[in-house]
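The exercises below concern the structure shown next. Each consists of a task followed by a worked solution, to be followed with the coordinates at hand.

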Amino acid sequence: MGAGAAAAAPAPAAPPVVPPRPLDPIDRSILRLLQSDGRASIRSVAEQVHVSRANAYARINRLLDDGVIRGFTARVDHERAGQGASAYITLKIVQNSWRTVREKLRELPGAAHIALVSGDFDVLLLVHTPDNRTLRELVLTRLQSIPEVLSTRTLLVFEETDLAADPQEAPELSRE
């Protein structure tokens, strides 16, 4: 290195990757309760899973710190919120354009879920719109004008069942 040349600073170390931690039956029960009612009090959670409040508090904080719980949100009845038409839309896209397409899909009004998937199509998009006319415009005008979108297929949603809304309706996994 010549005189006056600055030494390159070492690159900052990446944060350590926390490996997934297996959840025990109490953790899974806490998750089911919070999925059903994200506003449940620590006391209520503790009583329902039969642990102390301190234990419930510590477990919930660990689930948050470990990234198992990513946040708390409201479940919306889209029809009552004026979004009565819902559809899953499959998209075939230009190879290696996922990141570009994802950013454009995020801007769509009513976009609720975007997934890169394998199979006969590349992207699965869930949208909620006020009515079928708005849905048609979203597909024919907005989606099909994205240059990286090669084709779309729209699947209308006639009825939905939110399994997280009622833990009694959710299929039970093995309790091993």
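**Exercise 1. Characterise the salt bridge between arginine 62 and aspartate 27, and state which parts of the chain the pair ties together.**

Solution.

Step 1. In this predicted model, the side chains of arginine 62 and aspartate 27 form a salt bridge with an N to O distance of 2.6 Å.

Step 2. Arginine 62 belongs to helix H3 and aspartate 27 to helix H1, so the pair links parts that are 35 residues apart in sequence.

Step 3. The accessibility of each partner is then assigned with the cut-off for burial, under 20% relative accessible area. Aspartate 27, at 1% relative accessibility, counts as buried. Arginine 62, with a relative accessible area of 22%, is partly exposed.

**Exercise 2. Determine how glutamate 103 is engaged in salt bridges with arginine 102 and with arginine 106, and classify the exposure of glutamate 103.**

Solution.

Step 1. Glutamate 103 and arginine 102 form a salt bridge whose closest N and O atoms are 3.5 Å apart.

Step 2. A salt bridge also joins the side chains of glutamate 103 and arginine 106, at 3.1 Å from N to O. These two residues are three residues apart in helix H4, and about one helical turn therefore separates them.

Step 3. Glutamate 103 counts as partly exposed at 35% relative accessibility, and arginine 102 counts as partly exposed at 25%. Arginine 106, at 54%, counts as exposed.

Step 4. Elsewhere, salt bridges with shared partners connect Asp24, Asp27, Arg59, Arg62 and Asp66 into one network. The structure holds nine salt bridges.

**Exercise 3. Establish the strand order of the four-stranded sheet, and identify which strands stand at its edges.**

Solution.

Step 1. Strands S1 and S3 pair in the antiparallel sense over seven bridges. Within this pairing, alanine 87 has valine 127 in S3 as its bridge partner.

Step 2. Strand S2 (residues 111-116) runs antiparallel to S3, and five bridges join the two. Alanine 111 stands opposite valine 127 in S3. Valine 127 thus faces alanine 87 and also alanine 111.

Step 3. S2 and S3 form a hairpin with six residues between them, and in the turn glycine 119 has a positive phi of about 120 degrees.

Step 4. The result is an open sheet with the order S2-S3-S1-S4 and antiparallel pairing. S2 and S4 are at the edges with a single partner strand each, so one side of each has no neighbour in the sheet. On average, neighbouring strands are turned by 20 degrees against each other, direction ignored.

Step 5. Helix H4 (residues 98-106) packs on this sheet and touches S1, S2 and S3; the direction of H4 makes about 170 degrees with that of S2. S3 is mostly covered, six of its seven residues being buried.

**Exercise 4. Show how the buried residues of helix H5 (residues 132-142) are arranged, and name the strands against which they pack.**

Solution.

Step 1. The buried residues in H5 are Leu135, Leu138 and Val139. Viewed down the axis of H5, they fall within an arc of 85 degrees, so they line one face of the helix.

Step 2. Such grouping can be compared with helix geometry: an α-helix has 3.6 residues a turn, so residues three or four places apart point the same way.

Step 3. The buried residues of H5 pack against strand S1 (85-93), strand S3 (123-129) and strand S4 (149-156). On the other side of H5, Arg133 and Leu140 are exposed.

Step 4. At the N-terminal end, aspartate 131 caps H5, with a side-chain oxygen 3.3 Å from the backbone nitrogen of arginine 133.

**Exercise 5. Repeat the analysis for helix H2 (residues 42-49): which residues are buried, and what covers them?**

Solution.

Step 1. Val45, Ala46 and Val49 are the buried residues of H2. Seen down the axis of H2, these residues lie within an arc of 100 degrees, so one face of the helix is lined by them.

Step 2. Their cover includes helix H1 (25-36) and helix H3 (53-65).

Step 3. Histidine 50 follows H2 and has a positive phi, near 65 degrees.

Key:
Residues are numbered from 1 along each chain as its sequence is written. This is a predicted model: local features need pLDDT of at least 70, side-chain atom pairs count only at pLDDT 80 or more; totals for chains, interfaces and linings use all residues. Side-chain values use heavy atoms; hydrogens and water are left out. Buried means under 20% relative accessible area, exposed over 50%, partly exposed in between (1.4 Å probe, protein chains only). The arc is that of the directions from the helix axis to the C-beta atoms. Contact means heavy atoms within 4.5 Å. A polar contact is a pair of N or O atoms within 3.5 Å; within protein, one must be able to donate a hydrogen and the other to accept it, and residues adjacent in sequence count only if both atoms are side-chain atoms. Two strands pair if DSSP finds at least two bridges between them. Axes are lines fitted to C-alpha atoms, for helices over the stretch in contact, and angles run from 0 to 180 degrees between N-to-C directions. A salt bridge is a side-chain nitrogen of Lys or Arg within 4 Å of a carboxyl oxygen of Asp or Glu.
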